[in-house]
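User: I should like a close look at a single part of this protein, with its surroundings described residue by residue. Please set out what the model shows there in one connected account.

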Amino acid sequence: MRDPYEVLGVQKGASAAAIKSAYRKLAKKHHPDANKNDPKSAARFSEINSANEIIGDEDKRKQFDRGEIDAEGKPRFQGFPGGDPRARGRGPSPGGGFETFSFRTGGGPGGGFEGGGGFEDILKSMFGGAAGARGGATAFDESPFGADLDLSVAMTVSLEESVKGGEKRVRLPTGKELNVKIPAGVVAGQQIRLKGQGETAPGHPPGDLLITISIAPHAFFKVDGSDLRVDLPVTLYEAVLGAKVRVPTLGGAVELSVPKNTSSGRTFRLKGKGLPKAGGGSGDLYFTTRIMLPDGNDAELEALMQKWRDAHPYNPRSDLG
């Protein structure tokens with residue numbers, strides 16, 4: 001994945017509020033429901049969610065900035081002090097780098113590392129004695145790294161993908177890329193196992209690929225168990241006069257009736273429009289109204305409110321003492 005700062009179009013030093021604002025604008029712009037004729041919108045939307053999962057989270061952002069995790073949230077290899085751990089057959093030199101040891105195979109006294117200590121002794125100290133000599137040549141009785149050849153990777157999916165399923169491309173640490181089928185109803189923390197797609201080693205069957213699923217935060221749906229919750233902005237006149245407003249669901253937009261004299265904070269329920277339940281059925285979708293005034297000063301609205309206040313005073317905080 002691209003650099004998450006680049007994906008969201010923000011600078012590395014951007015504030016958390018700026019990142020949140022950029023994410024919401026992009027998520028709204030590229031949401032699949034708003035771009036049904038654009039086949040690339042789902043991929044772009046998923047990329048935006050994945051980027052926000054990294055730099056929209058304070059702890060993960062710090063880890064990414066320090067280089068501890070990559071753009072997909074996977075740990076970066078930090079190395080061992082003094083050099084590359086993959087340089088097998090090497091040892092630390094006095095200067096802090098690595099010097100190459102040469103060795104002679106053979107079971108006689110002349111075999112072993114030049115400069116002291118047999119090859120088998122070195123291996124025993126490293127791998128608990130998992131080495132031996134056969135036929136005059138040094139060989140391993142079993143893999144020094146064990147027979148666990150499974151690979152583990154993380155995959156972030158959108159809320160829509162977790163509900164409906166789909167297909168997504170994943171890149172393995174080996175550089176190989178695979179198309180992975182995401183089952184409908186997958187939940188955060190669930191693992192998908194792909195047989196035989198792990199690492200390989202002579203004398204061992206290939207390992208498996210274990211994909212751990214995480215679900216990206218949504219632009220407006222908030223997950224509450226199997227229920228979904230949405231803050232619903234309404235205008236002052238919609239709250240006073242009532243209105244029919246279009247609201248999002250996972251299956252597409254629908255109309256919701258807002259009755260007259262609706263206060264901010266009132267909650268409406270759409271039954272069965274939430275997430276699938278493990279035992280069957282679905283949760284509900286809740287909308288909580290938030291009355292929004294127009295931006296800027298409106299002299300006409302202020303004059304109207306002053307006149308209305310003088311004619312119809314009331315105190316909604318009377319119960320607070």
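Analyst: A suitable point of entry is Leu-236, which lies in helix α7, a helix covering residues 236–241. The model under discussion is a predicted one, and every value below is computed from it. Leu-236 has a relative accessibility of 26% and therefore counts as partly exposed, since the buried class is reserved for values under 20%. Leaving aside neighbours within four places in sequence, Leu-236 is in contact with Ile-291, Met-292, Leu-293 and Leu-301. A further relation in space links Leu-236 to Ser-264: the two are 28 residues apart in sequence, while their C-alpha atoms are 9.6 Å apart.

Two of the contact partners of Leu-236, Ile-291 and Met-292, direct attention to strand β17, which spans residues 285–292. Strand β17 belongs to an open sheet of 4 strands, arranged in the order β12-β13-β17-β16, with mixed pairing. The edges of this sheet are β12 (222–224) and β16; each has a single partner strand, so one side of each is left without a neighbour in the sheet. From one strand to the next, the twist averages 35 degrees. As a general matter, strands of a sheet pair through backbone hydrogen bonds, in either the parallel or the antiparallel sense.

Both senses can be followed at β17. With β13 (residues 227–235), strand β17 pairs in the parallel sense over 8 bridges. With β16, strand β17 runs antiparallel, and 4 bridges join the two. Tyr-286 in β17 takes part on both sides: Arg-229 stands opposite Tyr-286, and Tyr-286 is also the bridge partner of Arg-269. The relation between Arg-229 and Tyr-286 extends to their side chains, for the charged end of Arg-229 sits over the ring of Tyr-286, at 4.5 Å from the ring centre. Elsewhere along β17, Thr-288 stands opposite Thr-267.

The loops that flank β16 complete the view of this region. The loop between β15 (254–258) and β16 (267–270) contains Asn-261. Asn-261 has a positive phi of about 55 degrees, although the residue is not a glycine. With a relative accessibility of 60%, Asn-261 counts as exposed, because that class begins over 50%.

On the other flank, Lys-277 is found in the loop between β16 and β17. Lys-277 has a relative accessibility of 42% and so counts as partly exposed. Not counting residues up to four places away in sequence, Lys-277 touches Ser-226, Ser-282 and Gly-283. Lys-277 and Gly-185 are 92 residues apart in sequence, yet the distance between their C-alpha atoms is 8.5 Å.

For context beyond this sheet, a second lysine may be considered. Lys-168 has its place in strand β8, which covers residues 166–171. At 16% relative accessibility, Lys-168 counts as buried, whereas Lys-277 is partly exposed. The side chain of Lys-168 reaches the backbone oxygen of Thr-156 at 2.5 Å. Apart from residues up to four places away in sequence, Lys-168 touches Ser-46, Met-155, Thr-156, Val-157, Glu-161, Leu-178, Asn-179, Val-180 and Ile-182.

Aromatic residues also deserve mention. The structure holds 3 aromatic pairs. One of them joins Trp-308 and Tyr-314, whose ring centres are 6.1 Å apart and whose planes stand at 90 degrees, so the pair is edge-to-face. Trp-308 counts as partly exposed, at 42% relative accessibility, and Tyr-314 is exposed, with a relative accessible area of 61%.

The whole protein provides the setting for these details. The protein has 8 helices and 17 strands, and of its 321 residues, 31% count as buried. Among contacts with a separation of 6 or more, 43% involve residues 24 or more positions apart.

In summary, the partly exposed Leu-236 contacts Ile-291 and Met-292, among other residues. Strand β17 pairs in the parallel sense with β13 and runs antiparallel to β16. Within β17, Tyr-286 stands opposite Arg-229 and is the bridge partner of Arg-269, while its ring lies beneath the charged end of Arg-229.

Note on methods. Residues numbered from 1 in each chain as written. Predicted model: local features only at pLDDT ≥ 70, side-chain atom pairs only at ≥ 80, totals over all residues. Heavy atoms only, no water. Buried < 20%, exposed > 50% of the residue type's maximum accessible area, 1.4 Å probe, protein only. Pairing = 2+ DSSP bridges. Polar contact = N/O pair within 3.5 Å; in protein donor to acceptor, adjacent residues only side chain to side chain. Contact = heavy atoms within 4.5 Å. Phe/Tyr/Trp six-rings, centres within 6.5 Å; stacked < 30°, edge-to-face > 60°. Lys NZ or Arg CZ within 6 Å of the ring centre and 35° of its normal. Axes fitted to C-alpha atoms, helices over the stretch in contact; angles between N-to-C directions.
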